[in-house]
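Here are a few notes to go with the structure you asked about. Have the picture open while you read, and take the points one by one.

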Amino acid sequence: MATSQQTADFILEQTGSAGDMIVRKMFGEYALYCDTKVVAFICNDQLFMKPTEVGNKFLDDSTLAPCYPGSKDYYKVPEDMLEDRNWLSDFVRQTADVLPLPKPKKPKKSARP
C-alpha cells in the first residue's frame, strides 16, 4: 500500500519549523529531508525516523520496526504524536543535527563520440 500525497503533505507541514524540509517520492513512498539530510521515511502512511543516539529521547526501542519488509528498524512514530508539531519538529531537528551530510555526487562522465 503506497503512502498518500495527503499524508506526506501533512507530515511536511507538521515538521516545517525543523529546518528546510522537503519530501521526495520514492517507489510509491516518500523520503523526508531536513536540510539535505534524509531523516525519515513515510511508508504506508506512517512516519519512520532514522535511528540515532538522540532517538531514545523521543521514543523507546519498543517502537523500532521495519518500514517495509526486509528493511532495518526505524523509530515508528505513533499516529497521535504526528499531531504534536513541536515534539515532531524537535525530533526531526535533533535527528538531522547528528546525521552526517550526504556525500557529494560524483560528476557524470561525458560520453565520448
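1. Let's start with a term: two strands count as paired if DSSP finds at least two bridges between them. Keep in mind, too, that this is a predicted model.

2. Now put that term to use. Strand E1, residues 21–26, pairs with strand E2, residues 29–34, and the two run in the antiparallel sense with six bridges. If you'd like one bridge to look for, find valine 23: its partner in E2 is leucine 32.

3. What links E1 and E2? They make a hairpin, with two residues between them. Have a look at phenylalanine 27 in that turn, since its phi is positive, at about 55°.

4. Zooming out, the protein chain has two helices and six strands. In what order do they come along the sequence? The pattern reads α-β-β-β-β-β-β-α, with a helix before the run of strands and another after it.

5. On to the overall dimensions: the C-alpha atoms fill a box of roughly 60 × 30 × 25 Å along the principal axes. The protein chain has 113 residues, and 40% of them count as buried. Its accessible surface is about 7300 Å², with 53% of that belonging to carbon and sulfur atoms.

6. How about contacts along the chain? Taking those with a separation of 6 or more, 53% are between residues 24 or more positions apart.

7. Last, the charges. The protein chain carries 15 positive and 16 negative ones, and the mean positions of these two groups lie 17 Å apart.

Note on methods: Residues numbered from 1 in each chain as written. Predicted model: local features only at pLDDT ≥ 70, side-chain atom pairs only at ≥ 80, totals over all residues. Heavy atoms only, no water. Helix = DSSP H or I, 4+ residues; strand = E, 2+ residues; numbered from the N terminus. Buried < 20%, exposed > 50% of the residue type's maximum accessible area, 1.4 Å probe, protein only. Contact = heavy atoms within 4.5 Å. Areas by Shrake-Rupley, 256 points an atom, 1.4 Å probe, with all protein chains shown as cover. Lys, Arg positive; Asp, Glu negative; His and termini not counted. Charge placed at Lys NZ, Arg CZ, Asp CG, Glu CD.
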